[in-house]
Amino acid sequence: MLSNTINCLLERGGKLLAKTKVETYLKEAETYNDPDRFLVKWAIKNNYIAIDDEIDIANVRGNFDKEIISEYLNQQTYDVFLFSKRGARYSKRLCNENIPLEEAKKICQSDASKGANYMAGFVIHGTYSNYKQGEPFIIDNDKVINPVEN
């Protein structure tokens with residue numbers, strides 16, 4: 001996401017830095033549908049960063065300590081998608097929506113989430129807007145059940 005709005009482009013220690021104001025980043029992040037915009041909005045709301053601060057857009061998460069990233073991720077809810085390969089194309093189906101991180105991890109780490117032509121993955125709720133609706137995975141006494149296989 002490099003554009004005229006970048007204040008400076010620097011080469012330091014082999015890393016490309018593209019710094020711009022947070023406000024400018026958020027405008028462009030909406031245009032390019034950058035998922036890290038949710039982190040930045042959350043960080044502003046929680047006073048970890050100000051709207052007029054500069055941010056490295058080449059590595060947005062690198063602007064924050066690991067503890068802040070962890071806090072952010074733990075406070076979010078997640079959508080579980082089933083990604084299946086059909087020919088040369090992948091399709092995604094929303095299976096479980098708006099669930100806690102631990103539940104999303106449990107589903108995606110289970111044997112029920114993997115098959116010959118598909119696998120499950122999770123993203124922060126609302127990240128994807130273009131998908132088909134699928135059947136939700138069921139968690140029954142710590143056992144994950146794929147309803148499609150039953």
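This is a stop-by-stop tour of a predicted model, with a selection to make at each stop.

**Whole chain**

Start with the entire protein in cartoon view. Its secondary structure comes to 4 helices and 9 strands, and along the sequence they follow the pattern β-β-α-α-β-α-β-β-α-β-β-β-β. Of the 150 residues, 37% count as buried. Among contacts between residues at least 6 apart in sequence, 57% join residues at least 24 apart.

**Colour by confidence**

The average pLDDT of the protein is 86, and 87% of the residues score at least 70. Select strand β1 (residues 8-12): confidence is lowest there, at a mean of 42. Helix α3 has the highest confidence, at 96. Now extend the first selection to residues 1-14, where pLDDT stays under 50. For this stretch the model has 32 contacts beyond four places in sequence.

**Nonpolar core**

Next, show side chains for Y25, V40, I55, F64, V80 and F137. These have the most contacts inside the largest nonpolar core, a set of 31 residues. At least two residues of this core come from each of α1 (22-32), α2, α3, β4 (78-86), β5 (89-99), α4 (101-108) and β6 (118-124). In soluble globular proteins, nonpolar side chains tend to be buried together.

Keep F137 selected and expand to its contacts. Beyond its neighbours within four places in sequence, F137 is in contact with V80, L82, C95, N96, I107, A112, S113, A120, V144, I145, N146 and P147.

**Helix α1 and the loop after it**

Select α1. The buried residues in this helix include V22, Y25 and L26, and also E28 and A29. E30 is in α1 too, but counts as partly exposed because its relative accessibility is 40%. Leaving out residues up to four places away in sequence, E30 touches R37 and K41.

Move past the end of the helix to N33, which follows α1 and has a positive phi, near 55 degrees. Then pick D36, in the loop between α1 and α2. Is D36 buried or exposed? D36 is buried, because its relative accessible area is 15%. Apart from neighbours within four places in sequence, D36 is in contact with Y25, V60 and R61; Y25 is one of the core residues picked earlier.

**Helix α2 against helix α3**

Select residues 37-45 for α2 and residues 66-75 for α3. The two helices pack at an angle of about 105 degrees, and their axes are 11 Å apart. The angle therefore makes α2 roughly perpendicular to α3. On the α2 side the contact is made by F38, L39 and W42, and on the α3 side by I68, I69, E71, Y72 and Q75. By type, the residues of this contact divide into 6 nonpolar, 1 polar and 1 charged.

**Loop between β8 and β9**

The last stop is the loop between β8 (138-140) and β9 (143-145), where N141 is placed. D142 lies in this loop as well. Most residues other than glycine have a negative phi, and most peptide bonds are trans. N141 is not a glycine, yet has a positive phi of about 50 degrees. D142, also not a glycine, has a positive phi of about 65 degrees. N141 counts as exposed because its relative accessibility is 75%, and D142 is exposed with a relative accessible area of 62%.

How values were computed
Residues numbered from 1 in each chain as written. Predicted model: local features only at pLDDT ≥ 70, side-chain atom pairs only at ≥ 80, totals over all residues. Heavy atoms only, no water. Axes fitted to C-alpha atoms, helices over the stretch in contact; angles between N-to-C directions. Parallel < 35°, antiparallel > 145°, perpendicular 65-115°, else oblique. Contact = heavy atoms within 4.5 Å. Nonpolar A, V, L, I, M, F, W, Y, C, P; charged D, E, K, R; others polar. pLDDT = per-residue confidence, 0-100. Core = buried A, V, L, I, M, F, W, Y, C linked by side-chain atoms within 4.5 Å. Buried < 20%, exposed > 50% of the residue type's maximum accessible area, 1.4 Å probe, protein only.
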